[in-house]
Amino acid sequence: MGALKWPRASDTLPTMILHLDMDAFFASVEQLDNPELRGKPVVISGQSARSVVATASYEARKYGIHSAMPLFQALKLCPDVLVVRGRRHRYKEISCAVFSILEEYTPLVEPVSIDEAYLDVTGCERLFGPPLKIAKTIKEKVFQETGLTCSVGCAPIKFLAKVASDIHKPNGLTHISIEEMDDFLVGLPVKKVPGAGKRTTQALSSMGIHTLGDLRRFPKELLIKKLGLSGQRLVALAWGKDPSTVSPHAERAKSVSTETTLEKDTTDPQFVKAVLLAQSDEVARELRRKGFYARRVTLKLTFSDFTRITRQTTLPHTTDVAGRIFEETALLFDRNYKGQRIRLIGVGCAEIETQKSEVPCQLDLFGAVKKRETHDEEWEKVEKSMDDILKKFGKEAIFRARLKKKE
Ligand code: TTP
Ligand code: MG
């Protein structure tokens, strides 16, 4: 057999990819937030006659209920099923928390959907241990920080990582090593290959091809003639050649952040807040310089034992204002700090947009539109003037009184 060519392997390191998928995501979040739903058949759905099920809890799946099923059909299968209206904002919040955990292990995180991502952990071994250990740690961390379970697949190529994450769902962990990969591919049903649609699998089935092993034995040219590009892709996958790589989403890559390792560890909240204010200024100035507005604000703290936490807030409107970023990070700090010795402080902004979003409006009692109470506009004016002065007179020209060192 000729030498296999791994997609992103360097000469010495075989690629190792993880695929993580949250279990019954929306339903699990609802069960987490509302203990009365736990252990019960639950579907997330609209409540009209035309609604379809977005997802079903594993208890509901026992009745044959699944995503995309019309609600009336789900109610026929299980008249007692609890129908819950979805809360996108909450799912997004938990999704951000999960992605922040993943980014602690590698910058090569590719979000696929709100509850699913690929990670390229090639070469992370020295830092975090072998891939299976990383997968286990990530599962534990996701559970600790969100209270939810996920399933993870671990394989030398991307599509197999996804196949693997589905094998022991829910709360599964499946590893396909390089040594096991060939046997695994031979026995894999074609319909399990992500992207192999109904029409392709039916066409293959009519040729007697049910597994990738069957596909390997079939004349390649004939397959490509019959199925075109998708045939070509399947032949490559059947031989363990997946050209796709883990590519972090362009939008997510657009983030602005700063961090400071302190000269001496601290437990003084006032000191931390002074640092947060300076960092918020720095990040906001960078946003304004690039013409960006951020929707997500992140606080990062590393403690003296090198454990760390990242916490984030999704804002109702985008911002490039330091005052807003500071208020949010200070609030995150107050909510999450438990007196540990702090070694490093970081502030970041993500979910960057190039358009400013409107400050949300509230209707007052008489239906008139009223602007929400906010200081953003005043801050904005002050900070824009600070930018101008700094540009004209240099870095030391102006600073916040709060940051001035006591003489
Ligand atoms: P999935 O990961 O496909 O499903 P899941 O997380 O609910 O269950 P599993 O344990 O099998 O992974 O989708 C993630 C979320 O996306 C899901 O909780 C609800 C939402 N979703 C829809 O809104 N519509 C759909 O058709 C699907 C498939 C999912
Ligand atoms: Mg899922």
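## Close-up views of a predicted model

**View 1. A buried cysteine, Cys 78, opens the tour of this predicted model.** Cys 78 counts as buried because its relative accessibility is 2%, and the cut-off for buried is under 20%. Cys 124 is buried too, with a relative accessible area of 11%. How many disulfides does the count come to? The count comes to 0 disulfides. As a reminder for newcomers, a disulfide is a covalent bond between the sulfur atoms of two cysteines.

**View 2. Here we meet ligand 1 and the residues around it.** The shell holds 14 residues, and the closest are Ala 24, Thr 55, Tyr 58, Arg 61 and Asp 115. Sorted by class, these surroundings of ligand 1 comprise 6 nonpolar, 2 polar and 6 charged residues. Which helices and strands each supply at least two residues of the shell? They are strand 1 (17-22), helix 1 (25-33), strand 3 (53-56) and helix 2 (58-61).

**View 3. Oxygen atoms of ligand 1 meet polar atoms of Ala 24, Thr 55 and Asp 115.** At Ala 24, the partner is a polar backbone atom, 2.8 Å from an oxygen atom of the ligand. At Thr 55, the partner is an N or O atom in the side chain, and the distance to a ligand oxygen is 2.5 Å. Asp 115 also takes part through an N or O atom in its side chain, which lies 2.9 Å from an oxygen atom of ligand 1. On its own, ligand 1 has 560 Å² of accessible area, and the protein covers 69% of it.

**View 4. Phe 25, Phe 26 and Tyr 91 are linked into a cluster by ring pairs.** A search of the whole structure finds 5 aromatic pairs. One of them joins Phe 25 and Phe 26, with 5.9 Å from centre to centre and 55 degrees between the planes, an arrangement described as tilted. Are these two residues buried or exposed? Phe 25 is buried because its relative accessible area is 4%, and Phe 26 counts as buried at 12% relative accessibility.

**View 5. The rings of Phe 26 and Tyr 91 form a stacked pair.** Their centres are 4.1 Å apart, with 15 degrees between the planes. Where along the chain do the two partners sit? Phe 26 belongs to helix 1 and Tyr 91 to helix 4 (residues 88-103), so the pair links distant parts of the chain, 65 residues apart. Both Phe 26 and Tyr 91 are buried.

Key: Residues numbered from 1 in each chain as written. Chains lettered and ligands numbered in written order. Predicted model: local features only at pLDDT ≥ 70, side-chain atom pairs only at ≥ 80, totals over all residues. Heavy atoms only, no water. Disulfide = S-S within 2.5 Å. Buried < 20%, exposed > 50% of the residue type's maximum accessible area, 1.4 Å probe, protein only. Near = heavy atom within 4 Å. Polar contact = N/O pair within 3.5 Å; in protein donor to acceptor, adjacent residues only side chain to side chain. Areas by Shrake-Rupley, 256 points an atom, 1.4 Å probe, with all protein chains shown as cover. Helix = DSSP H or I, 4+ residues; strand = E, 2+ residues; numbered from the N terminus. Nonpolar A, V, L, I, M, F, W, Y, C, P; charged D, E, K, R; others polar. Phe/Tyr/Trp six-rings, centres within 6.5 Å; stacked < 30°, edge-to-face > 60°.
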